[in-house]
Amino acid sequence: MGPDDRPAVRRVVVAGAGMAGVQTAVALREQGFTGTVTVIGAEPHQPYDRPPLSKAVLLGTAEGSAFDVDFDALGIELVLGREVTGLRPADHALDTGAGPVPYDVLVVATGAEPVRLPGTEGVPGVHLLRTLDDAERLRPVLARQHDIVVVGAGWIGAEFATAAREAGCAVTVVEAADRPLAGALPPEVAAPMAAWYADAGADLRTHARVARVEPGAVLLDDGTRLPAGAVVVGIGARPATAWLAGSGVALGTHGEVVADAGLRTSVPDVYAVGDCASFPSARYGERLLVHHWDNALQGPRTVAANILGEATGEAPHVYDPVPYFWSEQFGRFVQYAGHHGAADATLWRGDPSGPAWTVCWLRETRLVALLAVGRPRDLAQGRRLIESGTPMNPTLLTDPARPLKKATTA
């Protein structure tokens with residue numbers, strides 16, 4: 001089959017109206033796609049950005065965080081308040097709560113959903129923080145300055161604890177592991193962050209497991225009873241892919257869609273992007289599942305290019321980014337770039353007990369990841385050095401007064 005014999009892609013349907021879904025639709029138009037683009041979202045709200053939910057929206061300094069996208073001008077059809085329920089690839093049909101939707105190409109961008117704390121279904125005062133509605137329900141809780149218990153000292157738990165302290169609430173954070181961010185960072189890197197909680201007036205309790213939650217209290221398995229006007233659960237998220245059961249789309253060990261280097265799934269004419277999909281990284285030699293905003297911004301450009309390239313027989317574009325994310329917590333701006341799993345050396349720039357420091361991970365003298373606290377210039381330069389694979393001089397690198405870009409062996 002030559003390029004001229006390929007069936008024309010006339011209709012692209014995007015399942016999911018978060019950052020990844022919206023950016024896929026926008027990228028298709030920016031790259032010249034002239035067919036129909038439909039974005040289907042489960043929530044009734046205009047598509048919105050999530051990072052402000054744990055910050056400005058929660059504290060009432062912003063009403064919302066709708067994307068600044070003119071969908072009408074771009075000719076993008078929005079179908080909101082509609083749940084996707086299944087996929088029938090043989091029929092090229094996406095099943096929804098309001099009936100099937102035909103597609104030529106489907107993009108799965110349904111994101112991730114928060115992990116719920118067992119035994120809390122139906123208990124009043126228990127909250128998740130994932131959607132605009134969640135933030136709206138929590139805003140008056142903060143305004144009433146309740147005693148708040150946060151379950152989970154990950155990124156979202158720290159950000160929520162920060163907002164709750166700013167609002168004047170008494171905050172206790174319970175974490176089953178021995179340190180904050182146990183699933184994200186090595187012990188020696190996460191350890192200095194534990195002190196941030198006390199500095200902000202929040203009570204961090206590690207090795208603390210929740211036995212049960214009842215109205216007005218959280219009971220730990222050691223018998224401790226914590227008063228709680230509200231409980232906020234932040235114990236992680238899992239890809240929202242249950243609706244793909246029986247579709248033939250291959251899923252991985254975390255329930256994520258297993259995409260290839262071009263973000264195509266195991267099923268023809270179906271792509272996957274954002275929090276719901278993993279991809280093989282040649283840079284890091286392993287498959288990555290990245291639950292962060294930047295991945296949902298960058299991946300759609302590759303998806304759009306490959307949808308357009310299918311029609312012309314163009315070689316697939318490869319998605320292999322340097323992952324990036326940031327977090328604002330307890331008055332600190334924390335940024336991370338790369339993936340430190342395969343590093344063979346960890347080097348520090350600055351004193352981790354101070355206000356600004358950076359951790360660098362190297363593999364065979366090349367920078368593979370870094371965490372910057374209050375050092376955005378390190379992050380910007382380090383990200384470029386990771387991308388270029390430039391060999392580093394470890395002695396020069398550990399001098400925090402020397403710019404990272406001047407700590408190479410060249």
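This report describes the overall build of a predicted protein model and then follows one of its strands.

**The protein as a whole**

The protein contains nine helices and 26 strands, and its C-alpha trace spans about 65 × 60 × 35 Å along the principal axes. Because a compact globule with 410 residues would have a radius of gyration near 22 Å, the 23 Å of this protein agrees with that expectation. Of the 410 residues, 50% are buried, and when contacts between residues at least 6 apart in sequence are considered, 60% of them join residues at least 24 apart. The exposed area comes to about 17,600 Å², of which carbon and sulfur atoms supply 51%. The side chains include 35 positive and 46 negative ones, and the centres of these two sets lie 4 Å apart.

**Strand E7 and its partners**

Strand E7 covers residues 105–108, with Val105 and Val107 pointing one way from the strand while Leu106 and Val108 point the other way, and all of these residues are buried. E7 runs parallel to strand E1, which covers residues 11–15, and four bridges join the two. E7 also pairs in the parallel sense with strand E19, residues 270–272, and this pairing extends over three bridges. Individual residues can be matched across both pairings, as the table shows.

| Residue | Bridge partner | Strand of the partner |
|---|---|---|
| valine 13 | leucine 106 | E7 |
| valine 107 | tyrosine 271 | E19 |

Leucine 106 of E7 is thus listed as the bridge partner of valine 13, and for valine 107 the bridge partner in E19 is tyrosine 271.

Conventions: Residues numbered from 1 in each chain as written. Predicted model: local features only at pLDDT ≥ 70, side-chain atom pairs only at ≥ 80, totals over all residues. Heavy atoms only, no water. Rg over C-alpha atoms; globule rule 2.2 N^0.38 Å. Buried < 20%, exposed > 50% of the residue type's maximum accessible area, 1.4 Å probe, protein only. Contact = heavy atoms within 4.5 Å. Areas by Shrake-Rupley, 256 points an atom, 1.4 Å probe, with all protein chains shown as cover. Lys, Arg positive; Asp, Glu negative; His and termini not counted. Charge placed at Lys NZ, Arg CZ, Asp CG, Glu CD. Pairing = 2+ DSSP bridges.
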